[in-house]
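Colleague: I am new to this one. Could you show it to me and walk me through a few parts?

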Amino acid sequence: MSDMNNVRPVIKAGEIVVSNVSKSYGGAQFNKEVVKDCSFTIERAKLTVMIGPSGCGKSTLIRLLAGFEKPSSGTITLDGKPVDGPGRDRLVLFQESALFPWMTTYENILYGPRARGEVTRETIDLAEFLLNKVGLQDFRNKYPTQLSGGMQRRAELARAMINNPQVMILDEPFRGLDAMTKELMWEYYSAIYEENRRTNFFVTTDIDEAIFLADRILIMSNVPAQVRAVLEVKVPRPRKLLDLVENDQSNDIKMQALSILHEEAMKSFSRGSKAAADFVDAYSKRVARS
Amino acid sequence: MAAGTKRFFGSKTWRGAISLVVFLLIWEIGSLSKIWIKWESFEWLRQMLTAFGLKPIYLPWIGAVPAPTEVLMAWTHIIGDASYWQSWYISLLRVISGFIAAMIVGIPFGLLLAVSRTAYGIGFPVFEVLRPIPPLAWVPASIIFWPTQELSIGFVIFLGAIFTIVINVVGGARSIDLRYFQAARSMGSSQWDIFRRIILPGTLPSIVVGCEVGMGITWNVVVAAEMISGGGSQVGGTSGGGLGFFIWNSYVGGSYEQVVIGMISIGIAGYVSSELLRALGKRVTPWLHLR
């Protein structure tokens, strides 16, 4: 275990700049603009959380950042170089597990290095290190369906990290986990982030999740997606779950975020959107709680 | 081993055994009914029907079928007969070779249709026109096309399996989660790597299902192909011409017990080959059969 530290690769954190990006689907007649003139920066070595009502175009933005799709207009750059197609420098953790079901945990983690023909002594050591890191050393030969939801998410984190991406993109990764597991995953994930300070971009609809994890919070408007507000979270790390309730700054940010989100929700509520109705509902619950 | 033994004597086995016994019992009783019920005592019914201008009707009594005990007796007579086992062997050989040919052609063809839009555009319409044609309809054409009778029979069997295999492969490959491709591409996979490590294993469960269903169809087809093609006794040294021919020949010869023996033999052969294929399928897709 002593040489584990030598195993860790040098982290090269990247910075993504999104400027004036628009994305629309459909032909001229049924054109739907999902992202409109959207600009923001995913700052280097920071954990940026994007929060917005469901269906606001967050997932579309992720596909653009990952390079699975191209913006209709505007540019996305990573450290000054334009993003052109998918690449190992920007890895995505999807909403639900996208582990390959026909591979064991270990094979899944080693997927990237094998794909690039980079299986060396060092990558094997790194795979071991990551297996330990995410606490799955006893599950290395299990298939994804044999893992719990939380384990699957951890295995996927390891599968992404072994490729040493410059930016990690996470699309509501803890959605669908039960409340306990979810909170454990927050602690797990932020510990990993605090340790290596990679650039992370995390998308969620959960305000508590955002405040617990984020260095910066981007609050999105309703569709078409635009950044409504940027909030800095300066609660010291490592954070505790209790901070969410007891820390004044957390509470301030929460109220601030909720009022902006509420405005957005009301705006689209008047337009009759289902997502907005959900949001107003969630909002009233939050206010009642605090 | 303990688990295997337990499962063998589990409720599933018992239910199977009971259903089999009940089936044989009903068959036996039905068959004996021809002794109990004498049609002669219903002469008045026959006369009445004739009086009304109707032809005398004969109910399809199961009594016309030999009883399981009679079949079993007949079986003990031929169980030592080399030509009976030769029939098994020849049918098995035909099924396996036709089936393997269908796999060799069908799996790559299905994968090609799934991965290439061009191939799909060119290949699929023809495939869809040929697909509904029943393999039996191919028998005459097959006899004309192919130089030897064995090839004709093999071709009909091949046709029986290939369409099911191809349809399953195409459907399976197309239903692979898009995110797997995105994840693989992000991590630096080449096209070939994606094919080998995503498409192939992702399609494997459907390949297995296609083969299982296809195997069942091959047995349906082999019998008819053998009956119509007429024996093929030139293949083996003995007079055996496959189980299908065995049935036809027994029927022509008026040995109804042997007809039933032939039917049951095919049932068993089909069941065994399906089970073998299922076991093989489980081996190649271990991630689907956990716990």
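**Two helices side by side**

Modeller: Gladly, and please keep in mind that this is a predicted model. In chain A, Gly149(A), Gly150(A), Arg153(A), Arg154(A) and Leu157(A) of α6(A) meet Thr181(A), Leu184(A), Met185(A), Tyr188(A) and Ile192(A) of α7(A). By class, this contact brings together 5 nonpolar, 3 polar and 2 charged residues.

Colleague: At what angle do helix α6 and helix α7 of chain A pack, and are they roughly parallel or roughly antiparallel?

Modeller: Helix α6 covers residues 149-161 and helix α7 covers residues 179-196 of chain A, and their axes lie 10 Å apart at an angle of about 20°. Because angles under 35 degrees count as roughly parallel, the relation of α6(A) to α7(A) is roughly parallel.

Colleague: Which hand does the crossing of α6(A) and α7(A) have?

Modeller: We have just seen that the axes of these two helices make an angle of about 20°. The hand of the α6(A) and α7(A) crossing is right-handed.

Colleague: Let us turn to the strands. How many residues of strand β3 of chain A are buried?

Modeller: Strand β3 spans residues 47-51 of chain A and is mostly covered. Leu47(A), Val49(A) and Ile51(A) are buried on one side, while Thr48(A) and Met50(A) are buried on the other. For β3(A), the buried count is therefore, with 20 or more other C-beta atoms within 10 Å as the cut-off, 5 of 5.

Colleague: Which residue in β9(A) stands opposite Ile51(A)?

Modeller: β3(A) has parallel pairings with two strands that we can look at in turn. With β8 (residues 199-204) of chain A there are 5 bridges, and Val49(A) has Phe202(A) as its bridge partner there. With β9 (residues 216-220) of chain A there are 4 bridges. Opposite Ile51(A) in β9(A) is Ile219(A).

Colleague: In the hairpin of β1(A) and β2(A), which residue takes a positive phi?

Modeller: Strand β1 (residues 16-25) and strand β2 (residues 32-42) of chain A run antiparallel and are joined by 7 bridges. One of the partnerships is that of Val17(A) with Thr41(A) in β2(A). The hairpin has 6 residues between the strands, and the residue with a positive phi, near 85°, is Gly26(A).

Colleague: And chain B: how many helices does it have?

Modeller: Chain B has 291 residues, of which 32% are buried. Among its contacts between residues at least 6 apart in sequence, 75% join residues at least 24 apart. Chain B has 0 strands, and its number of helices is 12.

Notes: Residues are numbered from 1 along each chain as its sequence is written. Chains are lettered from A and ligands numbered from 1 in the order in which they are written. This is a predicted model: local features need pLDDT of at least 70, side-chain atom pairs count only at pLDDT 80 or more; totals for chains, interfaces and linings use all residues. Axes are lines fitted to C-alpha atoms, for helices over the stretch in contact, and angles run from 0 to 180 degrees between N-to-C directions. Angles under 35 degrees count as roughly parallel, over 145 as roughly antiparallel, 65 to 115 as roughly perpendicular and the rest as oblique. A crossing is left-handed if the near helix is turned anticlockwise from the far one by less than a right angle, and right-handed if clockwise. Two residues are in contact if their C-beta atoms, placed from the backbone, lie within 7 Å. Ala, Val, Leu, Ile, Met, Phe, Trp, Tyr, Cys and Pro count as nonpolar, Asp, Glu, Lys and Arg as charged, and the others, Gly among them, as polar. A residue is buried if 20 or more other C-beta atoms lie within 10 Å of its own, exposed if 12 or fewer, and partly exposed in between; C-beta atoms are placed from the backbone. Two strands pair if DSSP finds at least two bridges between them.
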